Amino acid sequence: MNSKLIENIKRVLNQNLSRTILEKSLSKINYLPRWIIFCIDVVIVICSNIITYLLISNLTMSFYDTLDVPVRYGIVVLANMIFFLVYRTYSGIIRHSTFIDGIKLLFSTTSAFVSLVVFNYSAYFLIGKKIYLVPGLVVNYLISFSLLFLFRIFVKKMFEFYTAEKSKGGLIRAVIYGSDANAISVANALQAEIPTRFKLVGFLNRSGQNSAKTILDLPILNQKKKIPVLLRAMNVEALILADRSLTIADKMAIVDECLEYNFKVFTLPAVTDWEDPNEISKKVKNIQIQDLLERNPIVLDNKSISTQIKSKTILITGAAGSIGSEIVWQVKSFNPEKIILLDQAETPLHHLSLELSKTDITAKICSIIADIRNYGVMEEIFKQHQPHIVYHAAAYKHVPLMEENPAQAVFTNVLGTKNLADLAKKYNVDKFVMVSTDKAVNPSNVMGASKRIAEKYVQSLFYNFQNNDRKTTKFITTRFGNVLGSNGSVVPLFTQQIASGGPITITHPEIIRYFMTIPEACQLVLEAGAMGNGGEIYIFDMGKPVKIIDLAKKMIRLAGLIPDKDISIKIVGLRPGEKLYEELLNDSSKALPTYHEKIMIAEVISDHFVELEIEINELISIAKSFQNQKIVTKMKEIVPEFISMNSTFEILDK
């Protein structure tokens with residue numbers, strides 16, 4: 001691990017340690033009880049009365065002698081005490097006083113003043129004498145409000161000064177990008193939070209308006225020059241993105257600019273998404289790679305999904321995996337009657353069950369350890385639970401491993417899917433939604449070919465029974481690219497390699513991939529289940545493909561390091577079965593639009609079911625012999641476009 005990385009780690013640890021110590025020290029300063037605040041306010045009113053008496057007595061004016069001085073001012077104190085109780089001016093925490101607390105004080109002292117004036121003139125009409133000089137009441141009112149208000153300001157500012165001094169060394173000097181209502185709310189929250197994490201020095205405005213003005217006593221800067229130039233001129237370390245009107249392209253340009261010159265970039269949720277505004281700095285996080293996908297986030301139709309799932313029994317295979325578990329969490333929010341979690345991985349499934357048990361889930365949860373390759377076990381599950389919808393996410397997906405173990409790819413991805421599809425038809429499941437991959441398009445590896453065979457089977461199964469005018473399950477396929485953060489994704493791998501000091505390993509400098517987030521991938525699965533009528537293969541508009549080497553460099557910069565200096569990038573060569581780019585459609589297919597602009601249907605020619613089933617049964621039989629060459633040869637017969645790349649099976653294509 002190089003020295004720069006060690007220094008960065010030490011700096012982060014020291015900052016976290018100092019913040020922890022500060023939080024502990026501040027936690028020892030308890031809030032004063034309300035009755036003490038009430039008593040302090042009463043003392044302040046007494047002091048204002050004394051000041052008023054001294055001021056009036058040194059003027060040419062003379063007091064009314066209707067009541068003695070102690071009684072006279074005792075009534076003033078009593079009136080203020082009553083309205084302190086009415087408006088609960090003592091209930092606010094002094095160190096966190098806000099505009100609302102000032103308004104409460106104004107209402108309280110004004111009400112006391114008005115009541116004393118009314119009392120004064122009532123006495124005049126009843127007994128013919130006034131008790132107070134009205135100018136004296138006005139002076140007393142002004143002094144009382146001023147002292148009460150200044151007391152709170154003094155305590156608030158002293159506490160802020162104390163905390164600022166304690167944390168001065170660890171503050172991150174930052175500029176907020178934006179000057180709209182969201183940006184102002186962010187600045188307010190960051191300045192008010194204790195302990196402080198950021199030292200805000202200004203706002204950056206791209207519109208060119210409001211220059212020479214200030215917000216919260218911070219200057220508004222116009223983006224006349226490049227952002228790094230402005231940041232360097234203001235001697236800041238970071239930029240906080242708070243402008244909600246930024247497009248993905250704008251955001252990417254800003255991040256690239258800042259990272260190029262080693263400035264940190266932070267982002268945070270919109271103000272409307274804050275659960276606890278008092279802890280907003282904890283929500284301010286480094287820009288994540290998923291924030292920089294070259295497209296806007298996908299938003300799907302939750303109403304149709306809810307209609308599809310509500311009060312139904314849902315079976316999810318591969319439920320403990322990264323995709324399957326996210327499907328579980330999203331399905332849960334649509335109030336199904338029962339969710340069947342099916343996986344052969346015991347520990348992850350147990351953890352998922354425990355997490356679900358901690359929520360307010362209304363659906364019945366059934367966790368089942370089983371292998372989709374076992375037809376008898378699967379049939380018992382279908383017979384017992386009678387699912388309405390099946391989301392099939394169980395699969396082997398690691399390309400190099402499946403290149404070495406083609407029989408296992410056939411058993412799980414082909415036989416497992418066939419078992420589930422046959423049982424879905426047999427037990428009258430409403431919809432069967434299969435999770436596929438863009439690697440099934442013009443496959444160059446065993447994994448992609450096995451998924452393409454599974455696609456062919458479920459599609460031809462549907463059309464076979466539809467053509468025979470028989471009611472059948474609606475079989476639907478969803479096909480998408482790489483999923484950020486999923487098991488086996490490059491993002492967790494790169495994160496781990498950066499943490500260990502590098503190098504980052506990339507198979508080829510020109511390799512590109514489509515990316516989407518796990519929630520988006522799972523929303524697509526649910527949306528497809530809702531809109532599909534059977535036989536469709538849905539594909540996703542995932543924007544521009546991402547060059548993996550650019551992704552690696554960006555992740556290094558996001559970690560605060562410099563590519564090829566702090567972390568090296570090593571080219572290791574394409575893996576078996578890997579190609580430089582993935583496709584969403586093969587050469588003979590075309591995309592048809594749907595009602596959602598980001599979702600399309602791949603128009604693929606369906607195979608004849610009877611012939612395909614015979615071919616697949618032969619493939620499964622050959623797989624049981626574990627003769628890799630024969631297995632892959634048969635797969636190439638079923639999927640003629642399957643051309644191996646960087647693999648020992650290339651010889652079969654000659």
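**View 1. The surroundings of N413 in the predicted model.** Beyond its neighbours within four places in sequence, N413 is in contact with A395, Y396, Q408, M447, S450, K451 and A454. The model is predicted. N413 sits in helix α14, which spans residues 406–426. Three of the partners named here, M447, S450 and K451, can be looked up against helix α15, residues 446–467.

**View 2. Polar partners of the N413 side chain.** Which side chain does that of N413 meet in a polar contact? The partner is S450, at 2.9 Å. The N413 side chain also reaches a backbone atom: the nitrogen of Y396, at 2.8 Å. Is N413 buried or exposed? Its relative accessible area is 1%, under the 20% cut-off, so N413 counts as buried.

**View 3. The largest nonpolar core.** This core holds 51 residues. F382 and M635 have the most contacts inside it. Several elements give two or more residues each: strands β9 (338–343) and β12 (431–437), together with helices α12 (375–385), α13 (399–404), α14, α15 (446–467), α19 (609–623) and α20 (628–638). Helix α14, the helix of N413, is thus among the contributors.

**View 4. Close-up of F382.** What does F382 touch, leaving aside neighbours within four places in sequence? Its contacts are L315, P387, V390, L420, L423, A424, Y427 and V429. F382 is one of the two residues with the most contacts inside the core of 51 residues.

**View 5. A second nonpolar core.** A separate core has 38 residues. Among them are I339, A363, I389 and A393.

**View 6. Two cysteines, C39 and C522.** C522 is buried, with a relative accessible area of 0%. C39 is partly exposed, at 36%. The disulfide count is zero, with a cut-off of 2.5 Å between cysteine sulfur atoms. A disulfide is a covalent bond joining the sulfur atoms of two cysteines.

**View 7. The protein chain as context for the close-ups.** The chain has 20 helices and 22 strands. It contains 654 residues, and 49% of them count as buried. Among contacts with a separation of 6 or more, 76% come from residues 24 or more positions apart. The exposed area is about 31200 Å². Carbon and sulfur atoms supply 57% of that area.

How values were computed. Residues are numbered from 1 along each chain as its sequence is written. This is a predicted model: local features need pLDDT of at least 70, side-chain atom pairs count only at pLDDT 80 or more; totals for chains, interfaces and linings use all residues. Side-chain values use heavy atoms; hydrogens and water are left out. Helices (H or I, at least four residues) and strands (E, at least two) are DSSP runs, numbered from the N terminus. Buried means under 20% relative accessible area, exposed over 50%, partly exposed in between (1.4 Å probe, protein chains only). A polar contact is a pair of N or O atoms within 3.5 Å; within protein, one must be able to donate a hydrogen and the other to accept it, and residues adjacent in sequence count only if both atoms are side-chain atoms. Contact means heavy atoms within 4.5 Å. A nonpolar core is a set of buried Ala, Val, Leu, Ile, Met, Phe, Trp, Tyr and Cys residues joined through side-chain atoms within 4.5 Å. Accessible areas come from the Shrake-Rupley method with a 1.4 Å probe; for residues, only the protein chains shown count as cover.
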